[in-house]
Amino acid sequence: MLENRTIIVTGAAGGIGRATSLILGAAGANVVASDIDANGADTVEAIRSAGGTACFIRADVGSEPEVAALVRETVERYGRLDGAFNNAGVEQANVPLHELSIDQWDRAIRIDLTGIFLCLKHEITAMLENGGGAIVNTASALGEVAIPNAAEYVTAKHGVTGLTRAAAIEYGVKGIRVNAVLPGIIRTPMIDRAIEHPDFAAGFGKLLEHHPIGRFGKPPEVGEAVKWLLSDAASFVTGAMIPVDGGYRAI
Ligand SMILES: NC(=O)c1ccc[n+]([C@@H]2O[C@H](COP(=O)([O-])OP(=O)(O)OC[C@H]3O[C@@H](n4cnc5c(N)ncnc54)[C@H](O)[C@@H]3O)[C@@H](O)[C@H]2O)c1
């Protein structure tokens, strides 16, 4: 489906990013697995072991020079950029809004929202050189609704859905499609960390009631949607918010 397409994945060391990188690699893409965490190199090893093509480039999505270098090195290595999965993110601090520190706010906005902006900016610049491309951003069900004690995360993810729509309408005629996936709860290291917080853990059972499918999701279930959105099979899909949430937004 993605034979010889060069695709950047951010947050590739973690749950959804790693699983999606493996799926894209198996579909024939040249996967540029990127993360702030050097463990992203393990994702590359797994793709290569399965016969795919991949490399690791470390980058902090909150740093414009590092994002610019990620895109530049990708183009130097593979000749062009065809796709991107802008997925790196950090979880909420689990505190009520009136107790949220400016540092907690700034961190979420910088990584979860500004990080998507910086990736879009530099990826689109490279894709304009090719005459097109496809981008998927990871938002969240919380890009459309809220939960308590997550004001900074909810705000950042609402920003991601807005940014996705803004980019889609600006670059559609230039051949660049921009969509977002909106996962419900997916069992990843992020959720394992969040659940260590007593307030989050106390509400966790209740969150299952928001998933009418009767369970939480698995990282490859997001990856399959991303693969489709990045492929030509989704050639008329842009500016779409695709829920991968077990029905979270249906109730
Ligand atoms: N797991 C869920 O239930 C869920 C639900 C909705 C949305 N999401 C979103 O999905 C995305 C992936 O989450 P996950 O659950 O796989 O989390 P994860 O913590 O397992 O993986 C996130 C990855 O992002 C990387 N990262 C963090 N800060 C970074 C930075 N500044 N620059 C580059 N990389 C950075 C981490 O090192 C990690 O490898 C996030 O955007 C998250 O908000 C997750």
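Which residues line the second largest pocket? Keep that in mind; we'll get there at the last stop. One thing before you start clicking: this is a predicted model.

**Stop 1: the ligand**

Select the ligand and show what surrounds it. You should find 30 residues there, the closest being Ile 16, Asp 35, Tyr 153, Ile 186 and Thr 188. Colour this shell by class and you'll get 16 nonpolar, 9 polar and 5 charged residues.

**Stop 2: three polar contacts**

Now zoom in on Gly 14, where a polar backbone atom is 3.0 Å from an oxygen atom of the ligand. Hop over to Val 61 next: here a backbone N or O atom lies 3.0 Å from a ligand nitrogen. Then pick Lys 157, which brings in its side chain, with a polar atom 3.0 Å from an oxygen atom of the ligand. Try switching the protein surface on and off around the ligand: taken alone, the ligand exposes 830 Å², and the protein buries 93% of that.

**Stop 3: the helices around the ligand**

Switch to a cartoon view and select α1 (15-26), α5 (151-171) and α6 (189-194). Each of them supplies at least two residues of the ligand's shell. Which one gives the largest share? That's α6, with 4 residues.

**Stop 4: the largest pocket**

Hide the ligand for a moment and look at the space it was in: the ligand sits in the largest pocket. This pocket has a volume of about 850 Å³. It is lined by 42 residues, and to find its centre, select Asn 87, Gly 89, Val 90, Met 190 and Arg 193, the closest ones to that point. Bring the cartoon back and highlight α1, β2 (30-35), α5, α6 and α7 (198-209), the elements that give two or more residues to the lining. Your old friend α6 gives the most to this lining, with 5 residues. Colour by class again and the lining of the largest pocket divides into 23 nonpolar, 13 polar and 6 charged residues.

**Stop 5: the second largest pocket**

Time to settle the opening question. Select Gln 92, Asn 94, Ile 147, Pro 148, Asn 149, Asp 199, Phe 200, Gly 203, Phe 204, Lys 206, Leu 207 and His 210, and you have the lining of the second largest pocket. Its volume is about 200 Å³. One last round of colouring gives 5 nonpolar, 5 polar and 2 charged residues for this lining.

Note on methods. Residues numbered from 1 in each chain as written. Predicted model: local features only at pLDDT ≥ 70, side-chain atom pairs only at ≥ 80, totals over all residues. Heavy atoms only, no water. Near = heavy atom within 4 Å. Polar contact = N/O pair within 3.5 Å; in protein donor to acceptor, adjacent residues only side chain to side chain. Areas by Shrake-Rupley, 256 points an atom, 1.4 Å probe, with all protein chains shown as cover. 1 Å grid on protein atoms, 1.4 Å probe; cavity = no way out; pocket = protein on both sides within 12 Å on 5 of 7 lines; lining within 4 Å. Sits in = over half its atoms within 2 Å of the grid points. Nonpolar A, V, L, I, M, F, W, Y, C, P; charged D, E, K, R; others polar. Points joined across faces, edges and corners; volume = space filled by probe spheres on them.
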